[in-house]
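Open your viewer and keep the selection panel handy. We will go from stop to stop, choosing a few residues at a time.

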Amino acid sequence: MRKHRTIIEPFKIKVVEPLTILSHEERASILKEVGYNLFLVPAAAVTFDFLTDSGTTAMSANQWAAMMVADESYAGSRSFAKFEKVVQGLTGYDFVIPTHQGRAAERLLFEAVLKPGMKVPSNNHFDTTRANIEHLNAEAVDLVIADGRDPSSNYPFKGNVDLARLDEFCAAERAHIPFGMITITNNTGGGQPVSLENLRGASDIYRRHDIPFIVDACRFAENAFLIKLREPAHSERTVRDIAHEIFSLADGCMMSAKKDGLVNIGGFIALRDRTWVDSLRSLLILTEGFPTYGGLAARDLEALAVGLEEVLDERYLEYRVAMTRYMAEGLNKAGIPTVQPPGAHAVYIDVKRFLPHIPSHEFPGQSLVCELFIREGVRSCEIGSAMFGRFSPSSGGATSFIPAQMELVRLAFPRRVYTQSHFDYILEGMEEIVADKNSMRGMRLTYDPPFLRHFTARFEPVD
Ligand code: F0G
């Protein structure tokens, strides 16, 4: 069959929603009103919502159909049995604990297992994972490889954990490590995949030190597909088979199903061994719900059972990765540098290189997300000093600013929602942004909340 240049969406559209397109002036006035925080902009004012790929999936006809046959019984629901079987088949883990989303899984597992002073290594912890660990006065330790912190490196698996450092860390801190983690794909580090070789290496290290290994698996299918594409030894394997091996290397997983579960809400913990299961189920009953629904409606479990199968469709994954690469290459051609190589769920703009005239303490990424909104109606997310920068007291009572390692802006793509022509329209508008970039100014904080700043902070442009 002829290989086409055009990427087609491997689905037909059955339900549509109109796109809002406001004027630049309308968008600028909304932004001012909400303190230049894109999380506080009403979705009705956004044309292209790339704030997150989480919970923003378009569901399939089969998922909607499954929801209609859901069994909403409080206990022992038929829908739970269906969901449990799919997760067991996918992961090989016997014990499946549903939660309403990823951070609920994190909170439960950490509350059941973590004590103050304990340490949890990973490649990079996602921000809610880190916050939930720190909330219990434990420490989240990031051990990603050096390439993972270099936006211009083209290394194909920049999500890899540094195995030598992991081994050293486990040897030195064994008594304080209740479990180790790896996040696939590595969202915080630019949506980069972890190779199977690296996962095997990490698994070996954790086993040697007798440390349970938990995968943060929310983008497991995208990671498995990138292994198939980029790790020659596995190019002939199916994504399902690669995913099976990933789970077989670990002792359990936590999953925000709002990503590769192809649903709008949902999550779970799955474990090979029963040790933590009883305390997890007790905590689940206390705060989420009975173990056969865990804070979800049975119809959500039905949609998830179907989504976890659909996401392994390799034509879908091929299109997903191709669309993300298309946007990254389009931005690069227009003169906007992005983290290389592009991953699957998002494109990350390297703002340090794009706006070198705005210093970190003036939040260059926050300026760019505002500009993208005003000019293009695009909602994106700053992952830089506005999210991670810290003020710390220095000598003489003054405070100094410790910037984030990278200044990134993430365009995260909802699954099965936007088409190639949407991307072309956005790329056309980028040319103007590039031409005018030197007129962009920095921002200053006018409200700085105590936790997870980016959700509720307020800013104003620097004069
Ligand atoms: N782990 C990773 C790697 C994530 O990316 C997320 C969420 C979570 C855990 C928490 O899951 O949102 O269901 O509670 N990431 C979203 C994002 C919010 O936009 O990247 P949740």
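The tour below visits pockets, a helix and some backbone details.

**Before you start**

This is a predicted model: local features need pLDDT of at least 70, side-chain atom pairs count only at pLDDT 80 or more, and totals for chains, interfaces and linings use all residues. Residues are numbered from 1 along each chain as its sequence is written, and side-chain values use heavy atoms, with hydrogens and water left out.

**Stop 1: the largest pocket**

Select Ile-13, Val-15, Ala-58, Arg-416 and Val-417. The largest pocket has a volume of about 1,300 Å³, and those five are the closest to its centre among the 35 residues that line it. Here a pocket is an open set of points on a 1 Å grid over the protein atoms alone, where a 1.4 Å probe fits, with protein on both sides within 12 Å along at least five of seven lines; lining residues have an atom within 4 Å of a point. Grid points are joined across faces, edges and corners, and the volume is the space filled by probe spheres set on the points.

Now add α2 (61-68) and α12 (314-334), the elements that give two or more residues to this lining. Helices are DSSP runs of H or I with at least four residues, strands are runs of E with at least two, and both are numbered from the N terminus.

Colour the lining by class and you will find 18 nonpolar, nine polar and eight charged residues. Ala, Val, Leu, Ile, Met, Phe, Trp, Tyr, Cys and Pro count as nonpolar, Asp, Glu, Lys and Arg as charged, and the others, Gly among them, as polar.

Where does the largest pocket lie relative to domain 1 and domain 2? Domain 1 (24-53 + 313-461) and domain 2 (61-310) both contribute lining residues, so the pocket lies between them. The domain bounds come from an automatic or database domain assignment.

**Stop 2: the second largest pocket**

Move on to Asp-127, Arg-130, Met-387, Phe-388 and Arg-390, which lie nearest the centre of the second largest pocket, out of 34 lining residues. Its volume is about 970 Å³. Show α5 (127-135), α15 (385-388), β12 (390-393) and α17 (453-456), since each supplies at least two residues of the lining. The largest share comes from α5, with seven residues. By class, the lining divides into 15 nonpolar, 10 polar and nine charged residues. This pocket also receives residues from both domain 1 and domain 2, so it lies between them.

**Stop 3: helix α8**

Select residues 220-230. In this helix, α8, 10 of the 11 residues are buried (under 20% relative accessible area, 1.4 Å probe, protein chains only), so the helix is largely enclosed by the rest of the structure. Phe-220, Glu-222, Lys-228 and Arg-230 are among the buried residues. To see what covers them, display elements including α3 (78-91), α7 (196-208), α9 (239-248) and β7 (252-256).

**Stop 4: backbone details**

Zoom in on Ile-184 and Thr-185, whose peptide bond is cis, with omega near -20°. Thr-185 sits in the loop between β5 (180-183) and α7. Another cis peptide bond joins Gln-340 and Pro-341, with omega about -20°, and Pro-341 is in the loop between α12 and β9 (346-350).

Finish with two residues other than glycine that have positive phi. Asn-137 has phi near 60° and lies in the loop between α5 and β4 (139-142). Leu-262 has phi near 55° and belongs to the loop between β7 and β8 (267-271).

Which of these is buried and which is exposed? Asn-137 is exposed (over 50%), with a relative accessible area of 56%, whereas Leu-262 is buried at 0%.

Conventions: Contact = heavy atoms within 4.5 Å.
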